[in-house]
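Open the structure in your viewer and switch to a view where you can select residues by number. This tour goes from the outside of the protein to its empty spaces.

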Amino acid sequence: MSPLLRRPTFEWFAVTVMCMVIVVLAALEGWLWRIDQSIYDSTLSAFMRPPSSDVVIIAIDDASLASLGRWPWSRRTHAALVDRAREAGARAMMMDLILDTPSRDDPEADQLLAEAMRRYGQVVLPVVQATTGAALTGETRPLPIFADAAAAIGHDHVEFDPDGVARSVYLWEGFGAARHPQLALALLRLVVPALQRAYAPVPAPVDDAGDRSQWMRTNWLRIPFSGTPGSYTHYSYQAVLNGQVPGDALRGKILVVGATAAGLAESVLTPTSGLSRPMAGVEVQANIFDALRRGSTVGLLPSWVSAALAVTMVLTLMLILLYAEARTGFIAPFALGALAIVLSGVGLHLGGWWFGPAPAVLGCMLAYPLWSWRRLEFAQRYLDAELIALEREGTPPGHGPGEQEQAVVDGLEARIRIVRRVAQHQRDVRRFIADTLEHLPIGIVVIDQTNRVILHNERARHLLQAFRSDALLAALHALPWPAYVPMREGLPDLGGSKGARQFELSPDKKRHLLVSVSELIGDAAARSGRVIGLADVTLMHEAQRSREDTMHFLSHDLRAPLASILTLIEGYRGEPAAQVEQIPRIARYARSALDLADGLFRLVRAEGSDPKDFVELDLAGLVDSAADEVWPQAQARGIRIQVDTRDAEQEEAIVRGDFSLLRRAVINLLTNAIKYGAANSSVFLSLSAEGPDWVIRVRDQGAGIPAEALSRLFRRFSRIVDEGRDQPSGVGLGLLIVKTVAERHGGTVVVDSEPGKGCTFALRLPLRAVG
């Protein structure tokens, strides 16, 4: 494997490891705590549980201050509220009020409040931290008179995260020792004593020297708030005190008394309140009590859990990016990031535990662009190298080098130019290949692995007489393939063998095709395509048949007279008189052999004539010369030859050709007319101009030629014999010579015959010279 191909694998590992290291550090060091807290707040707000209906807030609100006067109120007022709650049958009361100093104006009021609390027996009071300036100096407890009268006391502190939002509490706190339960927990232990063990303090080693000067805390957990500020039932303090709230509304309820008035209440930000609506401390205590009673507190998982999830997400995403297609790779980071958030939300609402999903989201969002960047960088380098290599390959034959372009500084523009040149080069190559294929002298059909015709040329369409891909495939299937050849989908199956196999097939009686079949195998193809070559060998078959016919007649017609001559000579040896009598017969046999050799010689000469050697000649003189040549034969049978060359008197009958061959062709036509014409009749020889052609016609007055014999006239060694007539002399090559000479001169020879009226042969020679 080349270094260029190994590099992406190395870079994949590098990107994966780097992203894993980043997300692990982010999870363990808490780099993304703000994002985690925002996700926590959003998740908590999206699935809030409704507040309990038996938790009621008695609010020291603005209306109460307006009715009862400025704060602080007389403790007689608080004693009246406690008695009102007891009389209404309220289950318990949390008074989130600091009662650490005696009343100066009304000392008896403290006693009245303490007695009211003692009669009720269900009042919980807070303990707060004592500070001097910024230093923590201890704890501030209720006055002993109130502490002894209260059913329980507890601290009212909540924990603030670095962003100033209260999300958690310590269930046990105290100066020197975590001895005081959280205020809501103290209320819960009073209302539901069975839950005391559920929230027992976690024992911790005690260092007396140090613990006495420190505020100790234990049992930290997060609180799932039940709603936004104002979710719990609120009654105004003065309305309850004045009896405006019916007793039934307070019966069996858990009352939480505290300030909500502006400037008096201690308000904090919570996950469900947002930045614009802080929640009063008394309602925070109600939420804590509700969560503790339901057992729906949230535990924070160790940071290594978040790190492990982030590493898993990053590794999964990198594997997807390595093997999946681009569209899946684009969707994967968003899907995995959303999955991490969903898992944290499910854990929050179903399991009561929380881990920060931000490192996992960061890993997904970081891995995708980093790997995409490195992959694009590699792809760019690879494509640049390939484009330059393609550009250096040159141009196809018949194309000159491309025009020189001005150098550019912009890398993108340079690549675009290279792509443009390479694309044009590929188009030129494809066009060159297509043109070459289309003009090949043999037919080509290319069939792919799915048995579809993907390439073919004009010669193949002509030989198969099909002009569409499906028709070509059907025509190939219809060829008469040999029975011994294994077939696959209608075509020969070479079984993966290299090289080509050739078959000589005859789709009809007139044509013969040489068909070559070879395998077309791709780099990793389970099945192979095929390349089929088609060549028309009909002319070769005809030439072979002609040679066979020639050899047959040479072995028969030429050997027969020679054998007869030898027989006559040897049979009458020693008898001079008898030998003299056989001389005419020997001469006849010798003349027959000479005529046959002469005819074959002329045919071979006609077939081998080259049009490049033709010269201009006068057809009128040629016709007259041919007529003079056969005059003795005509005289012997009493036949008159009438020559008509009047058209040549108006326009010279000049053509390009071989004088001796054309003269021999006319002589052969005249000889046939004299041979087959009636004795003492006429043979008409004419030369006429017809369009661009000169036509030489020979017409006799013989018996004519039967229609069924016309197709055999121009065959080798073919002679027409009529019943009742002697077999004509000759070897049957005369008309074949005429046909061959006509075709070599670009012309034709045709016959028109009617039985009983003779026949007419027309030798047509094209492209007459214009005088």
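The stops below cover a surface patch, two cavities and a pocket. Keep in mind that this is a predicted model.

**Stop 1: the surface patch**

Select Val 17, Val 21, Leu 25 and Trp 31, and show them as a surface. Together these residues make a nonpolar patch of about 380 Å². Now keep only Val 17 selected. Val 17 sits in helix H1, which covers residues 3-29. Is Val 17 buried, partly exposed or exposed? Its relative accessibility is 48%, and exposed means over 50%, so Val 17 counts as partly exposed.

**Stop 2: the largest cavity**

Next, turn to the inside. Rolling a probe the size of a water molecule over the atoms shows where empty space is left. How many cavities of 30 Å³ or more does a search of the whole structure find? The search finds two.

For the largest cavity, select Leu 44, Phe 47, Met 48, Arg 49, Pro 224, Phe 225, Ser 226, Arg 294, Ser 296, Val 298, Leu 348 and His 349, which line it. The volume of this cavity is about 80 Å³. Colour the selection by residue class: the lining of the largest cavity has seven nonpolar, three polar and two charged residues.

**Stop 3: the second largest cavity**

Clear the selection and pick Val 158, Ala 166, Arg 167, Ser 168, Val 169, Ile 223, Phe 225, Val 284 and Ile 288, the lining of the second largest cavity. Two elements each give two or more residues to this lining: strand E7 (166-175) and helix H10 (281-294). Strand E7 gives the most, with four residues. The space inside the second largest cavity is about 40 Å³. Its lining divides into seven nonpolar residues, one polar and one charged.

Phe 225 is worth a separate click, as it belongs to the lining of the largest cavity and also to that of the second largest cavity.

**Stop 4: the second largest pocket**

Finally, select Trp 71, Asp 96, Leu 97, Ile 98 and Leu 99. Of the 36 residues that line the second largest pocket, these lie nearest its centre. The pocket holds about 920 Å³ of space. Which elements give two or more residues to its lining? They are helix H4 (75-88), strand E3 (123-132), strand E11 (254-259) and helix H10. Helix H10 has the largest share, four residues. By class, the lining of the second largest pocket has 19 nonpolar, nine polar and eight charged residues.

Technical notes:
Residues numbered from 1 in each chain as written. Predicted model: local features only at pLDDT ≥ 70, side-chain atom pairs only at ≥ 80, totals over all residues. Heavy atoms only, no water. Patch = residues over 30% accessible without salt bridge, like charges linked within 9 Å, V, L, I, M, F, W, Y side chains within 5 Å. Areas by Shrake-Rupley, 256 points an atom, 1.4 Å probe, with all protein chains shown as cover. Salt bridge = Lys/Arg side-chain N within 4 Å of Asp/Glu carboxyl O. Buried < 20%, exposed > 50% of the residue type's maximum accessible area, 1.4 Å probe, protein only. 1 Å grid on protein atoms, 1.4 Å probe; cavity = no way out; pocket = protein on both sides within 12 Å on 5 of 7 lines; lining within 4 Å. Points joined across faces, edges and corners; volume = space filled by probe spheres on them. Nonpolar A, V, L, I, M, F, W, Y, C, P; charged D, E, K, R; others polar.
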